[in-house]
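Work through the exercises below with the sequence and the model side by side. Try each task before you read its solution.

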Amino acid sequence: MPDNQQGRNRQPRVRSGNEPPSAPAMEPDGRGAWAHSRAALDRLEKLLRCSRCTNILREPVCLGGCEHIFCSNCVSDCIGTGCPVCYTPAWIQDVKINRQLDSMIQLCSKLRNLLHDNKLSGHTFC
């Protein structure tokens, strides 16, 4: 039997990613889609932490030799010596301000404020 006749009585297959949502959209009371958004934001913020102080990056800079990322205040005493993580020599000309990463961090902060009320947003900044 040809493929087009077999599928007449069956439900059409839905492509991956195009499935209709099974739960109501965006439940602001902390369950459902908001909980997934908060969890995703938490995972993202773990990646946006300073390699030295472990707080969310503030004015992030990258060391050119090893590409570790730090808050600008956390790395200032390492210039001329070495990276505090891997001890690769770190010179002033190797320090690069990462403005794109800083913009992402600011957007994450705004998103956190939207997803959490003020009493729950107790994340520490350097």
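**Exercise 1: A shared arginine**

The side chains of Glu45 and Arg112 form a salt bridge, with N and O 2.6 Å apart. Here a salt bridge is a side-chain nitrogen of Lys or Arg within 4 Å of a carboxyl oxygen of Asp or Glu. The model is predicted: local features need pLDDT of at least 70, side-chain atom pairs count only at pLDDT 80 or more, and totals for chains, interfaces and linings use all residues. Residues are numbered from 1 along each chain as its sequence is written, and side-chain values use heavy atoms, with hydrogens and water left out.

Task: Find which parts of the chain the pair Glu45 and Arg112 ties together.

Solution.
- Step 1. Glu45 lies in helix α2 and Arg112 in helix α4, so the salt bridge ties together parts that are 67 residues apart in sequence. Helices (H or I, at least four residues) and strands (E, at least two) are DSSP runs, numbered from the N terminus.
- Step 2. Check the cover. Glu45 is buried, at 4% relative accessibility. Arg112 is buried too, at 4%. Buried means under 20% relative accessible area, exposed over 50%, partly exposed in between (1.4 Å probe, protein chains only).

**Exercise 2: A network**

Task: Which residues are linked with Arg112 in a network of salt bridges?

Solution.
- Step 1. Look at Asp42. It forms a salt bridge with Arg112, and the closest N and O atoms are 2.6 Å apart.
- Step 2. Place the two ends. Asp42 sits in helix α2 (residues 33-47) and Arg112 in helix α4 (residues 99-115), 70 residues apart.
- Step 3. Check the cover of Asp42. At 33% relative accessibility, Asp42 is partly exposed.
- Step 4. Join the pairs. Asp42, Glu45 and Arg112 form a network of salt bridges.

**Exercise 3: The full count**

Task: How many salt bridges does a search of the whole structure find? Locate the one between Asp77 and Arg52.

Solution.
- Step 1. The search finds 3 salt bridges.
- Step 2. Asp77 and Arg52 meet at 2.7 Å, N to O.
- Step 3. Asp77 is in the loop between α3 (72-75) and β3 (95-97), while Arg52 is in the loop between α2 and β1 (60-63), 25 residues apart.
- Step 4. Asp77 is exposed, with a relative accessible area of 51%. Arg52 is partly exposed, at 38%.

**Exercise 4: Cysteines**

Task: Explain why Cys50 is not bonded to Cys53.

Solution.
- Step 1. Recall the bond. A disulfide is a covalent bond between the sulfur atoms of two cysteines.
- Step 2. Take the cut-off: a pair of cysteine sulfur atoms within 2.5 Å.
- Step 3. Compare. The closest cysteine sulfur to that of Cys50 is in Cys53, 3.8 Å away, so the two are too far apart for a bond.
- Step 4. Count. The rule gives 0 disulfides.
- Step 5. Check the cover. Cys50 is buried at 3% relative accessibility, and Cys74 is buried at 11%.

**Exercise 5: The whole chain**

Task: How many helices and strands does the chain have, and in what order do the elements run?

Solution.
- Step 1. There are 4 helices and 3 strands.
- Step 2. From the N terminus on, the order is α-α-β-β-α-β-α.
- Step 3. Add the burial. The chain has 126 residues, and 21% of them count as buried.
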